[in-house]
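The following exercises concern a ligand site and a pocket. Each task is followed by a solution that proceeds step by step.

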Amino acid sequence: MDPIDARSLFPVTQHYAYLNHASAAALPAPVVQAMDRYLADQARSGSQALVDWDDRLEEIRRLAARLIGAHRDEIVFTSSVSHGLNIVAAGLDWRPGDNLICAETEFPANVYPWLNVQRRGVEVRFAPARGHRIRVEDVAGLMDRRTRLVAISFVEFSTGYRNDLDALADLCHQRGAYLCVDGIQGLGALQFSVADTPVDFLATHAAKWMLGPIGAGFLYVRREMIPRLEPVMTGWRGVVDRDDYFRYDSPLRDSGERFEPGSLHHVGLIGMGAAIELLLSVGLAEIEARILALTDVLIAGLQVRNCSIETPIAHRRERSGIVCFRHPQVPSGVLAERLLAAGVIISLRGEVIRVSPHFYNTEEDLYQLLDQL
Ligand SMILES: Cc1ncc(COP(=O)(O)O)c(C=O)c1O
């Protein structure tokens, strides 16, 4: 689908210049319609639902796998990034004296699950953010032979810095450590494939750049890692004979489904499925190119207006859909209110204004923002 044609699928465009995908998606119509259909079907027929929703969930698992070049067996449906990261943090066989590396500018979703393993004798080390960048050499400098894992975001939420996951994956694998990624600020906006970038785990949530609802997401677990993660929660849906309700000795499934103990959040996952279909129909390469072209226009407009750009922009490979800036005179809090009054939706994060356009935004949306500066 042509990205410009797709704009009509986003009701938010009739009301706002919506530049806040790093905060939450404004749901596209096909996502809302898919969820509506599910709810209407349940209301009309209950257990006699017309559609076999289990078949649709299987399609959605395959769609999630396709989005990142994985196999359906490597996908675990979750409710949030935190849910997925906790499956990893709680399931690894930590030994006292082990350590892991996190980074300074991470969103807390990618910190607390790791701090929680301190009580198992694991040390948590923080890589510094220098000049808003988390440098691979700084991560390397913190590693030693007891480093078991590096936990980092695809894109940093407060700066838009796109971490060098290829270099981090190489580093981790040379040193015998795992790489665990919080993908939420990148997936849906930037191309990513586990075939090219062999991370061990990746947790995401449909609610931002993936253009899906809040409360549905997935965790990718590299196939070899599935048996190495202790399932901290087990249940009837995670076993091989899940439909045989009268036996209790069924083994766990070999796939990521073993980490899904009970019934899934159907309506959320159905929304996520429709969202992934939309992303794939526009094309991930096209989406990334458009987002970077839009942020080029934004950055140039901010520079002309003497705004200080806090996002690292020296190299294209470190760019993402997020651009953070400050105005030379107007405090960011005042500016955020002015933008809201002008129908421009952005986020205030600390001292900076964070702008995050998606593929269906236009240059006019950006000029609506720039005109207020
Ligand atoms: C980098 C990052 N990770 C995670 C989250 C959300 O975490 P969760 O899906 O656990 O609610 C956010 C934003 O809300 C975020 O910016």
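**Exercise 1: Polar contacts of the ligand**

Task: In this predicted model, identify the residue with a polar side-chain atom 2.7 Å from an oxygen atom of the ligand.

Solution. Step 1: the residue is His205, whose polar side-chain atom lies 2.7 Å from a ligand oxygen. Step 2: taken alone, the ligand exposes 400 Å², and the protein buries 84% of that area. Step 3: Gln185 also places a polar side-chain atom by a ligand oxygen, at 2.9 Å. Step 4: from Val81, by contrast, a backbone N or O atom lies 2.8 Å from an oxygen atom of the ligand.

**Exercise 2: The shell**

Task: Determine how the residues of the shell around the ligand divide by character, and state which pocket the ligand occupies.

Solution. Step 1: the residues surrounding the ligand include Phe107, Ala109, Phe157, Ile184, Asp182 and Lys208. Step 2: the shell divides into five nonpolar, five polar and two charged residues. Step 3: the ligand sits in the second largest pocket.

**Exercise 3: The largest pocket**

Task: Describe the volume of the largest pocket and the residues that line it.

Solution. Step 1: the largest pocket holds about 450 Å³ of space. Step 2: its lining comprises 23 residues, with Arg162, Asn163, Asp164, Leu165 and Arg317 nearest its centre. Step 3: at least two lining residues come from each of α6 (136-142), α7 (165-174) and α9 (284-304). Step 4: the lining divides into seven nonpolar, five polar and 11 charged residues.

Definitions and conventions
Residues are numbered from 1 along each chain as its sequence is written. This is a predicted model: local features need pLDDT of at least 70, side-chain atom pairs count only at pLDDT 80 or more; totals for chains, interfaces and linings use all residues. Side-chain values use heavy atoms; hydrogens and water are left out. A residue is near a molecule or strand if one of its heavy atoms lies within 4 Å of it. A polar contact is a pair of N or O atoms within 3.5 Å; within protein, one must be able to donate a hydrogen and the other to accept it, and residues adjacent in sequence count only if both atoms are side-chain atoms. Accessible areas come from the Shrake-Rupley method with a 1.4 Å probe; for residues, only the protein chains shown count as cover. On a 1 Å grid over the protein atoms alone, a cavity is a set of points where a 1.4 Å probe fits but cannot get out, and a pocket is an open set with protein on both sides within 12 Å along at least five of seven lines; lining residues have an atom within 4 Å of a point. A molecule sits in a cavity or pocket if more than half of its atoms lie within 2 Å of its grid points. Ala, Val, Leu, Ile, Met, Phe, Trp, Tyr, Cys and Pro count as nonpolar, Asp, Glu, Lys and Arg as charged, and the others, Gly among them, as polar. Grid points are joined across faces, edges and corners, and a volume is the space filled by probe spheres set on the points. Helices (H or I, at least four residues) and strands (E, at least two) are DSSP runs, numbered from the N terminus.
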